[in-house]
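Visitor: I would like a close look at a single part of this model. Please take one helix and show how it sits among its surroundings.

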Amino acid sequence: MILNIVFLILGLVLILVGANALTDGASALAKKWGMSDLVVGLTVVAFGTSAPELVISVMSAVNGNAGLAIGNVVGSNIFNVCAIVGITALVTPIKVSKGIMRADIPLVILSALVLLVMGNSSLLDGNGENILTRVDGIILLLFFVIFMYHTFSSANEPEAAVASGEENTPIKMMPLWKSVLWVVGGLAGLIYGGDRFVAGASGLASGLGVSDAVIGLTIVAAGTSLPELATSITAALKGKTGIAIGNVIGSNIFNIFLVLGCSATVRQLPFGSVGNVDLLVLTATSLLFWIFGYVYKERTISRPEGALLLACYIGYMIWIVAAA
């Protein structure tokens, strides 16, 4: 049990350090190749914050731990909306731009609805098991391509740049050799850390007598969402709530469309113990996220609304522990 916890902590540290190094190195390389700060932020930086979920879910799929792969994504997205937005709103009310309300948050809801439908494939086709197939994975990746096209199409709009906060995000410059070293070292950290993290999480699940999905929905989900939590709180304290809200939106869409898309393409994933309660909580909280932005027509998520989102997450965690 102790060894599994060591693997879990070691793996998470390597993943977070690796993701940060990879992002810095790749961003510096992209700048050397003439890409703008905004484009780098919408691609390399956005990918970097979702790298922990991507590595863990893909490696879980390769190792046959479908519950961990899907639970990681579902749990991370619930954590993002309820805990990160909730805590950030408690720090300072979050102002949401009109463009994000009309285009981006609805994409978060759409991604949750798509996963809800795919998670009930047994009801639709009469099979006895809900499975995320390779075809489903390809469909999710196509959604991701559409999302990226939408992102780049709106990137030239001033409001989109300000709302995402990317125009204010400085890209660290470094020598070419250091950029390459950071990219290679970051990838190595991600891969080895992901392997140790999955091994520790699976061992911990076995030791506690719970499913991989439960570990994925709780410990793994919160752990892989630490970069988003740190980024959002820091941004809120600096008054840049656009970065905080954009960080959550981008991460949730990346997680379902890219992370699960890649994972399911590698190997079909049975949903197992990740059931309708989990998928409905994800869908309902995503919808609540959008509704709160419209309350009183102020496009602001207030402190009471943030407290309610955080309370929803605490209630969901209590339900998981009780059900386990």
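Guide: What follows is a close look at the last-numbered part of the list, helix α13, and then at the parts around it.

The model is predicted. The protein chain has 13 helices and four strands, and 53% of its 324 residues count as buried. Among contacts between residues at least 6 apart in sequence, 84% join residues at least 24 apart.

Helix α13 covers residues 303-323. It has 21 residues, and its first and last C-alpha atoms lie 30 Å apart, close to the 30 Å expected at 1.5 Å a residue.

Which residues of α13 are buried? They are Glu305, Gly306, Leu309, Tyr313, Tyr316, Met317 and Ile320. Seen down the axis of α13, these buried residues fall within an arc of 130 degrees, so they line one face of the helix. An α-helix has 3.6 residues a turn, so residues three or four places apart point the same way. On the other side of α13, the exposed residues include Pro304, Ile318, Val321 and Ala322.

The buried residues of α13 are covered by several elements, including α3, α9, α12 and the strand β4, residues 300-301. One residue of the buried face can be followed further. Met317 belongs to α13. Its relative accessibility is 17%, and because the cut-off for buried is under 20%, Met317 counts as buried. Leaving out residues up to four places away in sequence, Met317 touches Leu217 and Thr218. Met317 and Gly75 are 242 residues apart in sequence, but their C-alpha atoms are 9.9 Å apart in space.

The next step is the core. In soluble globular proteins, nonpolar side chains tend to be buried together. Here the largest nonpolar core has 59 residues, and Val74, Leu269 and Ile301 touch the most other members. Helix α13 is among the helices that each supply at least two residues of this core, along with α2 (37-62), α3 (66-91), α4, α6 (134-154), α9 (212-224), α11 (241-266) and α12 (276-294). The largest share, 13 residues, comes from α3.

Leu269 shows what such a position looks like in detail. Leaving aside its neighbours within four places in sequence, Leu269 is in contact with Ala61, Ala66, Ala69, Ile70, Asn130, Ile131, Leu132, Leu260, Ser263 and Ala264. Apart from the largest core there is a second, separate core of 21 residues, which includes Leu8, Leu29, Ala205 and Ile215.

Ala264, one of the contacts of Leu269, sits in helix α11. At 0% relative accessibility, Ala264 counts as buried. Beyond Leu269, Ala264 also touches Leu132, Thr133, Arg134 and Gly137, again not counting residues up to four places away in sequence. Ala264 and Asp136 are 128 residues apart in sequence, while the distance between their C-alpha atoms is 7.2 Å.

Ser111 also has contacts with residues far along the chain. Ser111 is in helix α4, residues 98-118, and at 1% relative accessibility it counts as buried. Outside its neighbours up to four places away in sequence, Ser111 touches Asn252, Ile256 and Phe257.

Back to α9, one of the elements that cover the buried residues of α13. Helix α9 also packs against α8, residues 176-208, at an angle of about 120 degrees, with the two axes 9 Å apart. The crossing of α8 and α9 is right-handed. From α8, the contact is made by Phe197, Ala201, Ser202, Leu204, Ala205 and Leu208, and from α9 by Asp212, Ile215, Ile219 and Val220. Ala205 and Ile215 from this contact are also in the second core.

Helix α8 has 33 residues and reaches 47 Å from its first C-alpha to its last, close to the 48 Å expected at 1.5 Å a residue. Just after α8, Gly209 takes a positive phi of about 75 degrees.

Helix α10, residues 226-237, gives another case of a helix with one buried face. Its twelve residues should span 16 Å at 1.5 Å a residue, and its end C-alpha atoms are 17 Å apart, which agrees. In α10, Glu228, Leu229, Ser232, Ala235 and Ala236 are buried. Seen down the axis of α10, they fall within an arc of 140 degrees, so they line one face of the helix. After α10 comes Gly239, with a positive phi near 80 degrees.

Definitions and conventions
Residues numbered from 1 in each chain as written. Predicted model: local features only at pLDDT ≥ 70, side-chain atom pairs only at ≥ 80, totals over all residues. Heavy atoms only, no water. Buried < 20%, exposed > 50% of the residue type's maximum accessible area, 1.4 Å probe, protein only. Contact = heavy atoms within 4.5 Å. Core = buried A, V, L, I, M, F, W, Y, C linked by side-chain atoms within 4.5 Å. Expected span 1.5 Å × (residues − 1). Arc of directions from axis to C-beta. Axes fitted to C-alpha atoms, helices over the stretch in contact; angles between N-to-C directions. Left-handed = near helix turned anticlockwise from the far one by under 90°.
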